[in-house]
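Student: I am new to this structure. Could you take me through one part of it closely and then show how that part fits into the whole?

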Amino acid sequence: MTTPAPITDNGGRYAGIAMMLGSGLSNQVGAAIGSLALPVIGPAGVVAVRQWVAAVALLLVGRPRLRSFSWRQWQPVLLLAAVFATMNLSLYSAIDRIGLGLAVTLEFLGPLAVALAASRRLVGLGCAVVAAAGVVALTRPQPTTDYLGISLALLAAVCWASYILLNRSVGRRLPGAEGTAVAAGLSGLLFVPIGIVVLVQNPPTQAALGCAAAAGILSSALPFLIDMLALRRVPAHFFGIFMSINPVLAATVGLVFLGQTLQAGEWLSIAAIVTANIVSVITTSRQPGV
């Protein structure tokens, strides 16, 4: 069993930071490319193809030995598979309704919650208040607000928090990429009947399939593997500090690739949420025994 390097191990920490940066960039570029297929095959179709491609790629890399799995190892893997499926479907459904930048910013509250949960200081409460204010300002509830899109993004946030904790548990209980590969494979199986129905009703173009497949590699296979390796080098709450780059990356990628612009107030709201996460994780990492 591989033991994660402590946060004081500079070599492991810097390697983990580089991994998380690469994971975040790959994830957001993949999400932007995958969203190009939404008008053709919809969120369920994109996620189905994405999950199938990711499952094949991860199973080839992980080469899991299923017969050797104990029930203690199966438990987090099964939960992670359910999280994979729910997180991706809810996120792409949210992107389809409210755009990449806003959807990922709201989803980012998941890692923030992980960081805040580890905080034992009053500053943690202050960070939660700032983040909540940023969310309210960002969503600006009004009669035309897409509450369903916001709710789907918040569901993705819950799944992302679960993903962080479960991926760390899987990495501790199973060697290599075996656990992540099996979770991705099971998630892909869940989307077989859904994907068949959706793709029959909405015949895909080659371009749409290519975009969805690219999302499977860039937003699923690569980040899952990189995050698993990173979480063996840094604690789960420290993982949150570099997840703070995702809203900024998503907004930037959405602007460059999709032409989705944000107003000055929306950028300020994103900055408030990111700052709350950074302060929370920095103060948490200074606590004795964390």
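**A close look at tyrosine 163 and its surroundings**

Tutor: Start with one caution: this is a predicted model. Now the overall picture. The protein has 12 helices and 0 strands. Read along the sequence, the pattern is α-α-α-α-α-α-α-α-α-α-α-α. Of its 290 residues, 54% are buried. The accessible surface is about 12300 Å², and carbon and sulfur atoms hold 69% of that area. Contacts reach far along the chain. Among those with a separation of 6 or more, 91% join residues 24 or more positions apart.

Now the close look. Find tyrosine 163 in helix α7, which covers residues 147–173. Is tyrosine 163 buried or exposed? Its relative accessibility is 2%, so tyrosine 163 counts as buried. Next, its contacts. Leaving out residues up to four places away in sequence, tyrosine 163 touches Leu80, Val83, Phe84 and Met87. It also touches Pro223, Phe224 and Asp227.

Pick out Phe84 from that list. The structure holds 2 aromatic pairs. One of them joins phenylalanine 84 and tyrosine 163. A pair of aromatic rings is described by the distance of the centres and the angle of the planes. Here the centres are 6.0 Å apart and the planes make an angle of 50°, a tilted pair. Phenylalanine 84 lies in helix α3 (residues 71–98) and tyrosine 163 in α7, so the pair ties together parts that are 79 residues apart in sequence. Phenylalanine 84 has a relative accessibility of 0%, so this residue is buried as well.

Step back to the group around the pair. In soluble globular proteins, nonpolar side chains tend to be buried together. The largest nonpolar core here has 35 residues. Leu58, Leu80, Phe84 and Tyr163 touch the most other members. Several helices each supply at least two residues of this core: α3, α5 (109–117), α6 (122–139), α7, α8 (178–201), α9 and α12 (264–285). The largest share, 8 residues, comes from α7. Another core lies apart from this one. That second core has 33 residues, including Ala31, Ala48, Leu152 and Phe191.

Ala31 leads to another spot worth a look. Serine 219 sits in helix α9 (residues 206–230). With a relative accessibility of 2%, serine 219 is buried. A polar atom of its side chain lies 2.9 Å from the backbone nitrogen of alanine 31. The backbone oxygen of asparagine 27 is 2.7 Å from a polar atom of the serine 219 side chain. Beyond residues up to four places away in sequence, serine 219 touches Ser26, Asn27, Gly30, Ala31, Arg50, Tyr92 and Ala214.

For contrast, go to valine 61 in helix α2 (residues 38–62). Valine 61 has a relative accessible area of 53%, so it is exposed. Valine 61 and leucine 225 are 164 residues apart in sequence, yet their C-alpha atoms are 9.4 Å apart.

Helix α4 (residues 100–107) is mostly covered, with 8 of its 8 residues buried. Among the buried residues of α4 are Leu100, Thr105 and Glu107.

Last, the cysteines. A disulfide is a covalent bond between the sulfur atoms of two cysteines. The count here is 0 disulfides. Cysteine 159 is buried at 7% relative accessibility. Cysteine 211 is buried too, with a relative accessible area of 17%.

Technical notes. Residues are numbered from 1 along each chain as its sequence is written. This is a predicted model: local features need pLDDT of at least 70, side-chain atom pairs count only at pLDDT 80 or more; totals for chains, interfaces and linings use all residues. Side-chain values use heavy atoms; hydrogens and water are left out. Helices (H or I, at least four residues) and strands (E, at least two) are DSSP runs, numbered from the N terminus. Buried means under 20% relative accessible area, exposed over 50%, partly exposed in between (1.4 Å probe, protein chains only). Contact means heavy atoms within 4.5 Å. Accessible areas come from the Shrake-Rupley method with a 1.4 Å probe; for residues, only the protein chains shown count as cover. A polar contact is a pair of N or O atoms within 3.5 Å; within protein, one must be able to donate a hydrogen and the other to accept it, and residues adjacent in sequence count only if both atoms are side-chain atoms. Rings of Phe, Tyr and Trp (its six-membered ring) pair if their centres lie within 6.5 Å; planes under 30 degrees apart count as stacked, over 60 as edge-to-face and the rest as tilted. A disulfide is a pair of cysteine sulfur atoms within 2.5 Å. A nonpolar core is a set of buried Ala, Val, Leu, Ile, Met, Phe, Trp, Tyr and Cys residues joined through side-chain atoms within 4.5 Å.
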